[in-house]
Each structure stands twice: as structure tokens, then as C-alpha cells.
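Colleague: Before I plan anything around this protein, could you walk me through how its sheets are put together?

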Amino acid sequence: MIKVQNIAVLTSGGDAPGMNACIRSVVRAAIYHGIGAFGVHDGFNGLINNNIVPLLYDDVSNILQRGGTILGTARSKDFRAKEFREVAHQNLKDRNIDALIVIGGDGSFKGMKTFSEEFDFPVIGIPATIDNDINGTDYAIGFDTALNNIIDAVDKIRDTASSHHRVFLVEVMGNNSGVLALHAAAASGAEEVFIPERQEDLLEFKGKIARAVNAKKSSIIIVSEGDGMGGAKEIYAYLKAEGLDTNIRVSILGHIQRGGSPSYLDRLYSALFGEEAIVCLLKGKRNLMTSLVDGKVTSVNITESFTRKTDLNMDYLKLIRKLSIY
Ligand code: F6P
């Protein structure tokens, strides 16, 4: 087993609150174990463009509370081409970097695995996406903060919704996965939720909305951006076509969901996953993703992350409906 001497860390894909806390953890754990640390700017593009800098203890001071990622992130198209991956490998070799840690989502992990196989290069993935849709881990960094952002926004929307007795279709992110929407709806007391994994009975929904409008009740409907109907605007168009638009409004939350200081949970799992990644490398492991399984931090083969999470908690849907009959 070759001892790892230097690691590089990068953030890839959509940013997620907690990425900075995770970079800090990776760097500090590496230093603790006598390993040198480098940061790569702007995801895999930084590997190709040789935008790689040493990260010392103080370089990651005072960052764990900040949203976004100090390293910058990208969804690199170039990294899909072997010629650019060769350049990336040479840039790592030139600095005696012998392992790579990627903080990101399943798309980033696919590129990382290809790279690892081509050059026999140890890699570890750390799951980070507000969507929390990565198979093989119960938790991805950023999910909890995004949920808190959504809940905060819904609370504010409720103030105006109840004042005007309106129905609000609130669109949340999710990238074709309903995990974020389902959890947000259950926690924010929404009256209904639309997720891509299910097709809702539109006639029944229309009846529910008509009853709410007639009774002058305010309602919050959470719609996942990737819902089969499209998104909140498309559901609004449907209701309008059915003559039900007068007291209905659409609110698309957008990128505010991804911003802000990470929550307690995101800071905690960032710290735990970052350290676990270094421990894996010290044990000579590679091609893994750090993960949370049944409340325990562990690691799984990276290939597990390549399928979309399917075990949505549909009990949440039942709960949402039980608590909002009208
Ligand atoms: O994967 C995270 C995510 O925020 C998704 O929920 C969303 O579909 C996508 O990224 C948005 O990407 P972008 O910031 O590139 O518009």
C-alpha cells in the first residue's frame, strides 16, 4: 500500500451550503495526519487549467460558516474528454498529488471514477447537493440548509397568502427528484405537494383548490421543478384553463434555496464526511463515497451513487394529506 503524501480537494456541480465546512475538514484532517493538501479552483476545470493551490491550516480558517464554496465550482464539459483528463492527471503528478477528493453530486462522481480507472488514481467522493437525491447515502451536504431556506420562505409567503386568502404554488428545486419538495412540504405544513416520482389526480387536486378558494382559505402547494406537469407555472396554467386562477399566485424560490450560512446538520456532516474521506485514503481505500447509513458515517463503493435515490418516504405524503383535509 502506497502512503498518500498529498491530496487535492475540489468542489463540483451545483454549490451546496456546507461545502466550505467540508473543505476545512478535509484540509485540517489531512494536516493532522501529516498529508499535504491542495485546493483546485472551479471544479474539474481547475485540474485542466492548472488552477491548483496549496491549502494550509490558516487558509481554511473562518470559512465554515460561509455558504457557497471558496474554491468555486463548475460542471466541467472539458473533463468528459480524455485529452483534457490527461492534462489534469499530469498537473496533479507535477505536484506529487496522489489522491483526489471531490465534493459534489453523482454527475461529478462519474467523471471522477472514469479518471480514477484511466490513471489508477485514488479518488473519494463526498456527497453534496441540496437535492439529497444520491443513492447510497441518507444524507448529502446542503440539504438541511436548503430545507430551512424553503421553510423560511414559505412562512413569509403564508403571511401574505393568509391576508389575501390566496393559494400559492411554491416551486422548489430538485433536479427531477422530489426528495427536497417532499421534505419541505411535510415540514412547512403545505396542503399538497407535486413531485416528479408521482402523477397526481388533477381532477381531485382541482376540487381541493376550488374548495379552498371558495372557502377563502389560504393554501401552500409545493411543486418540485421537475414535476411531470412541468413546474408551478404549468400547474397554474392548468388551473387557469379550468377557470380557477383569480386567487392563485405562483412563487418560484430559485437559487435563494442554495445560499446562506450552513445549518448545524450541514456543518456536522461536512466535518464528519471530510475526515472520513482522509481516513479512507489512509487505509488505502479508493473509489468510495463517504456516506451516512442508518445514522452512521461510513463509505460505499462510488458506483452505488450512480443510480437515483428511489426510496422516497411516501409516508410524508400521507402525513401532508392527513394534516390538511379540506
Ligand atoms: O443540483 C442542485 C440544483 O440546485 C438542482 O436542484 C437544480 O435543478 C440545479 O442545481 C440548478 O442548476 P443551476 O444552478 O446550474 O441553474
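Modeller: Two strands are taken to pair if DSSP finds at least two bridges between them. Please keep in mind that this is a predicted model.

Colleague: In the open sheet of seven strands, what is the order?

Modeller: The pairing in this open sheet is mixed. Its edge strands, each pairing on one side only, are S3 (52-54) and S11 (296-301), and the twist from one strand to the next averages 30 degrees. Read across, the seven strands have the order S3-S2-S1-S4-S5-S10-S11.

Colleague: Which residue in S2 stands opposite isoleucine 7?

Modeller: Strand S1 covers residues 6-11 and runs parallel to strand S2, residues 36-40, with four bridges joining them. Opposite isoleucine 7, in S2, stands alanine 37.

Colleague: What angle does the direction of helix H4 make with that of S5?

Modeller: Helix H4 (residues 106-119) packs on the sheet, where it touches strand S4 (99-104), strand S5 (123-127) and strand S10 (288-293). Between the direction of H4 and that of S5, the angle is about 175 degrees.

Colleague: Why is one side of S7 and of S9 left without a neighbour in the sheet?

Modeller: These strands belong to an open sheet of four strands with parallel pairing, in the order S7-S8-S6-S9. S7 (192-194) and S9 (248-252) stand at its edges, so one side of each lacks a neighbour, and each has a single partner strand.

Colleague: Which residue in S8 is the bridge partner of phenylalanine 194?

Modeller: S7 and strand S8 (residues 219-224) run parallel and are joined by three bridges. In S8, the bridge partner of phenylalanine 194 is valine 223.

Methods
Residues are numbered from 1 along each chain as its sequence is written. This is a predicted model: local features need pLDDT of at least 70, side-chain atom pairs count only at pLDDT 80 or more; totals for chains, interfaces and linings use all residues. Side-chain values use heavy atoms; hydrogens and water are left out. Helices (H or I, at least four residues) and strands (E, at least two) are DSSP runs, numbered from the N terminus. Axes are lines fitted to C-alpha atoms, for helices over the stretch in contact, and angles run from 0 to 180 degrees between N-to-C directions. Contact means heavy atoms within 4.5 Å.
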